[in-house]
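Welcome, and please take a moment to turn the structure around before reading on. The briefing below walks through it topic by topic.

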Amino acid sequence: MWALCCQRLFSKTLRNPSLSLAFKSPPFLALQPPSLSHSPSMASLQHVCTAPLARAAFRVRAAAISSPPARLPKSDPRVLLGLSEEQLRQLSLDLGQQSYRGKQLHDLIYKTKSKEIPQFKHLPQEFRDALVGAGWRVGRSPVHHSVAAADGTLKILLKLEDNRLIETVGIPAEDKKGSVRLTACVSSQVGCPLRCSFCATGKGGFSRNLKPHEIVEQVLVIEELFKHRVSNVVFMGMGEPMLNLKSVLEAHRCLNKEVRIGQRMMTISTVGVPNTIKMLASHKLQSTLAVSLHAPNQQLRETIVPSAKSYPLDALLHDCEDYFIQTGRRVTFEYTLLADINDKAEHALELAELLHSHGRGYHVNLIPFNPIEGSEFRRPYKKVVLAFVEALESRKITVSVRQTRGLDANAACGQLRNEFQKNPLLDSPSTSLMDESNLLPELVSCAR
Ligand SMILES: C[S@@+](CC[C@H](N)C(=O)[O-])C[C@H]1O[C@@H](n2cnc3c(N)ncnc32)[C@H](O)[C@@H]1O
Ligand code: SF4
């Protein structure tokens, strides 16, 4: 029986990597094969284990034999953040606990926002030990630095497990009814390989894609620092979401289902990567697609966005039409206004014509350039921006101008991280740099 038990455990372990560490861990080694003379049942096998840890470990293995392996993501199989309640319940069963422990785990991760398994105080010690022993971790990263701007915008640098830094931004705002809306602007990659000419992230180079939990945790850290629920998520931080679509979709699912942010409250922004808009459309999400256009014709676009060479404007707009047809969601076009490059009234008229020729309900969001160090570009004057707006509106295009938030906090995406990377003296962790004297009084309570 003992030999059979071990054999079945071993084959389970091969199929379920979450068990392999537990199999090698000390409590397992503490289990001694009982005397084979009286061929014990499972219950009597458990009885011969006297150390509490060994008993817990035995229950883990007994449960592993009797239940199917948890369906866990292959990318990082021992990170709790990102798992659904169902997966956490299955994990609890696999570790010899009752299913309701999975619900408790879910609350600890997504509501209490505990960062370490030892902080799961109201779970039994033996369960915490089993989780740690099997190599599980929550998957949260420490805040390395944060800077608050006068308008309440908070820019945060997170230090990932491999010591890489990513930016995430919390943007509080009051809606028309006076209640506070908190937007999380999340990164999808460490850096970006697409190198748009005006973007600090592009200038900082590319390291790697973010894993789903590294995207989700950005929202949790903003909720934690502001002590307020995040209402909106925009995938407009560092990186190109469409180059990391699988992780972005997994993070989107988790933010929607586990963190409970409505799909309509989320926006995925892309400069355009061939075939990916079609893929996204096939998921029929109720989220907004924002396409960073920046020019009304192919020739000018290629000078601003080098990657545009592989994705002609006509094909890009065709895919946007398709997104609208598939999802019923209006596509937004982002247009960064660069003085004397793409900000003339004739550019606006050409843009209106281009959009009308591709038919559907589009909206243009103008972003006056946020100056970045060493850039040859300039921000246009306000009157130029207003003339651009008027020209678009005269051609019946709905348009908004993005308010520049947090200008004094290295506002342009990727700038704060670049500062830290080039100046090693700055590169020391700061616990709380939330300087409330910098905040507008009405936002202090929200940002606390
Ligand atoms: C940082 S990108 C990330 C999402 C995606 N890669 C994209 O380009 O849409 C989000 C938006 O920020 C804009 N952006 C980047 N750097 C900027 C700057 N210095 N000034 C104004 N807008 C900027 C981009 O044009 C894009 O519309
Ligand atoms: S604007 Fe977007 S796609 Fe272009 S370099 Fe920056 S992050 Fe990458």
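Strand 3 and strand 4 (residues 180-185) run antiparallel and are paired over six bridges. As you follow them, keep in mind that this is a predicted model. The two strands make a hairpin with five residues between them, and strand 3 belongs to an open sheet of ten strands.

**The two hairpins around strand 3**

- One pair to look for between strand 3 and strand 4 is Ala173, whose bridge partner in strand 4 is Arg181.
- In the turn that links strand 3 to strand 4, Gly178 has a positive phi of about 90°.
- Strand 3 (residues 165-174) is also joined to strand 2 (residues 154-159) by six bridges, and these two strands run antiparallel.
- Across that pairing, Lys155 is opposite Val169 of strand 3, while Lys159 is opposite Leu165 of strand 3.
- Strand 2 and strand 3 form a hairpin as well, with five residues between them.
- The turn of this hairpin holds Asn163, which has a positive phi of about 70°.
- How many of the ten residues of strand 3 are buried? Eight of them are, so strand 3 is largely enclosed by the rest of the structure.

**The whole sheet**

- A little background helps here: strands of a sheet pair through backbone hydrogen bonds, and they can do so in a parallel or an antiparallel way.
- In this open sheet the ten strands follow the order 1-2-3-4-7-8-9-10-11-12, and their pairing is mixed.
- Which strands form the edges? They are strand 1 (143-148) and strand 12 (398-401), each of which pairs on one side only.
- On average, neighbouring strands of this sheet are turned by 20° against each other, with direction ignored.

**Helices that pack together**

- Two packed helices are described by two values, the angle between their axes and the distance between those axes.
- For helix 10 (residues 212-226) and helix 11 (residues 245-257), the angle is about 40° and the axes are 8 Å apart.
- Helix 10 and helix 11 are therefore oblique to each other, and their crossing is right-handed.
- Helix 6 (residues 85-94) and helix 7 (residues 100-110) cross at roughly 125°, and their axes come within 7 Å.
- Because of that angle, helix 6 counts as oblique to helix 7.
- The crossing of helix 6 and helix 7 is right-handed.

**Helix 8 and what follows**

- Helix 8 spans residues 125-133, and its buried residues are Glu126, Phe127, Asp129, Ala130, Leu131 and Gly133.
- Just after helix 8 comes Gly135, which takes a positive phi of about 90°.

**Three residues in loops**

- Gly272 sits in the loop between strand 8 (266-270) and helix 12 (276-282).
- Is Gly272 buried or exposed? Gly272 has 25 C-beta neighbours inside 10 Å, so it counts as buried.
- Gly272 and Leu316 are 44 residues apart along the chain, and their C-alpha atoms are separated by 6.9 Å.
- Lys284 is found in the loop between helix 12 and strand 9 (288-292).
- Lys284 counts as exposed because it has 12 C-beta neighbours inside 10 Å.
- Lys284 and Ser146 are 138 residues apart along the chain, with 36 Å between their C-alpha atoms.
- Although Lys284 is not a glycine, it has a positive phi of about 50°.
- Arg260 is not a glycine either, yet it has a positive phi of about 65°.
- Where does Arg260 lie? You will find Arg260 in the loop between helix 11 and strand 8.
- Arg260 is exposed, as it has 10 other C-beta atoms within 10 Å.

**The surroundings of ligand 2**

- Around ligand 2 you can find Cys192, Leu194, Arg195, Cys196, Cys199, Thr201, Gly202, Gly239, Glu240, Val271 and Ser292.
- Sorted by class, this shell has five nonpolar, four polar and two charged residues.

Key: Residues are numbered from 1 along each chain as its sequence is written. Chains are lettered from A and ligands numbered from 1 in the order in which they are written. This is a predicted model: local features need pLDDT of at least 70, side-chain atom pairs count only at pLDDT 80 or more; totals for chains, interfaces and linings use all residues. A residue is buried if 20 or more other C-beta atoms lie within 10 Å of its own, exposed if 12 or fewer, and partly exposed in between; C-beta atoms are placed from the backbone. Helices (H or I, at least four residues) and strands (E, at least two) are DSSP runs, numbered from the N terminus. A residue is near a molecule or strand if its C-beta atom, placed from the backbone, lies within 6 Å of it. Ala, Val, Leu, Ile, Met, Phe, Trp, Tyr, Cys and Pro count as nonpolar, Asp, Glu, Lys and Arg as charged, and the others, Gly among them, as polar. Two strands pair if DSSP finds at least two bridges between them. Axes are lines fitted to C-alpha atoms, for helices over the stretch in contact, and angles run from 0 to 180 degrees between N-to-C directions. Angles under 35 degrees count as roughly parallel, over 145 as roughly antiparallel, 65 to 115 as roughly perpendicular and the rest as oblique. A crossing is left-handed if the near helix is turned anticlockwise from the far one by less than a right angle, and right-handed if clockwise.
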